[in-house]
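Hi everyone, thanks for coming. I'd like to walk you through one protein today, so have a look at the sequence and the structure first.

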Amino acid sequence: MLQSSQRPTIRKLPFKKDRFQDEARFLRSWLERPLVVGAVTPSGKILARTMASYVDPRIPGPIVELGPGTGPVTDALIRRGVEQERLILVEFNPEFCQLLRRRFPKATIVQGDAYDLNETLSGVLKEPAAATVSSLPLFTKPMDQRLTLLETAQALMHPSAPFIQFTYAVVPPIPARSQSHKARASNRIWRNLPPARVWVYNKVSHP
């Protein structure tokens, strides 16, 4: 009777350990290359889920993720219903690439420069992408380079596909409106540290 009334022990240590190790990796990478990594810690769960919520898994085609880091947004995309096989993860940091290959063995991991997408995805992206999800630190780049990134990503996607970008700043990383694109923003995610907002950019179709 005593054994049957005992509750099973729930082991939470591995998750906490992984989270701690991920934060340590991010901090080390940020200290080494702050303009490349751009964040001290990985994206929080709520921020990751918010980014993934703008991806419709029913729309066919690859999902390109830029700067996945240790994979919190990648995990949120999978939980959203996106098959690993559809994911193309573009990561500059070789240590993060090795980690991503272990965590997401069915995804395509590309070590390369996300700001040179045509070259980086040459021979990898075989059809128009259904979405691009970016965790890149855009504010470390000049505006013309940010605009080029958006335009290049949009050229590689379906015309109506979203370019999803988060930022800690109070202003959009790319202007919200122009002749070529429009944008909408999520509410500020105060429970993320630091608080963040997600911006979603769509190409404007001209008649």
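**Salt bridges, a central strand and a helix**

Let me begin with one acidic side chain: at 31% relative accessibility, Asp-75 counts as partly exposed. Please keep in mind throughout that this is a predicted model.

What does Asp-75 pair with? Its partner is Arg-79, and the closest N and O atoms of this salt bridge are 2.7 Å apart. Both residues belong to helix α5, where four residues, about one turn of the helix, separate them. As a reminder, an α-helix has 3.6 residues a turn, so residues three or four places apart point the same way. Arg-79 counts as exposed, because its relative accessibility is 70% and the cut-off for exposed is over 50%.

How many salt bridges does the structure hold? There are three. Another one joins the side chains of Asp-56 and Arg-58, at 3.0 Å from N to O. Here Asp-56 is partly exposed at 25% relative accessibility, while Arg-58 is exposed at 73%. Then we have Arg-86 and Glu-83, whose side chains meet at 3.7 Å, again N to O. Is Arg-86 buried or exposed? Arg-86 counts as buried, because its relative accessibility is 15% and buried means under 20%. Its partner Glu-83 is partly exposed, with a relative accessible area of 42%.

While we are at α5, there is also a proline to point out. Pro-72 lies in this helix and counts as partly exposed, at 22% relative accessibility. Its C-alpha atom is 7.3 Å from that of Gly-44, although the two residues are 28 apart along the chain.

Now let's step back for the overall picture. The protein has eight helices and seven strands. Of its 207 residues, 45% count as buried. Among contacts with a separation of 6 or more, 66% are between residues 24 or more positions apart. The exposed surface comes to about 11800 Å², with 55% of it supplied by carbon and sulfur atoms.

Next, strand β4, residues 131-134. Which way do its side chains point? Ala-131 and Val-133 point one way, Thr-132 and Ser-134 the other, and all are buried. That fits the usual pattern: in a regular strand the side chains alternate between the two faces of the sheet.

Which strands pair with β4? One is β1, residues 63-66, which runs in the parallel sense to β4 over four bridges. In that pairing, Glu-65 stands opposite Val-133. Another is β5, residues 163-167, also paired with β4 in the parallel sense, over three bridges. There, Ser-134 has Gln-165 as its bridge partner. If you follow the chain from β4 through helix α8, residues 143-155, to β5, you trace a right-handed β-α-β unit.

Finally, a look at helix α4, residues 45-53. Which of its residues are buried? They are Leu-47, Ala-48, Thr-50, Met-51 and Ala-52. And what covers them? The cover includes α5, β4, β5 and β7. That brings back some elements we have already met: α5, with its Arg-79 and Asp-75 pair, and β4, which pairs with β5.

That's my tour. Thanks for listening, and I'm happy to go back to any of these views.

Note on methods: Residues numbered from 1 in each chain as written. Predicted model: local features only at pLDDT ≥ 70, side-chain atom pairs only at ≥ 80, totals over all residues. Heavy atoms only, no water. Buried < 20%, exposed > 50% of the residue type's maximum accessible area, 1.4 Å probe, protein only. Helix = DSSP H or I, 4+ residues; strand = E, 2+ residues; numbered from the N terminus. Pairing = 2+ DSSP bridges. Right-handed = clockwise from strand over helix to strand, strands pointing away. Contact = heavy atoms within 4.5 Å. Salt bridge = Lys/Arg side-chain N within 4 Å of Asp/Glu carboxyl O. Areas by Shrake-Rupley, 256 points an atom, 1.4 Å probe, with all protein chains shown as cover.
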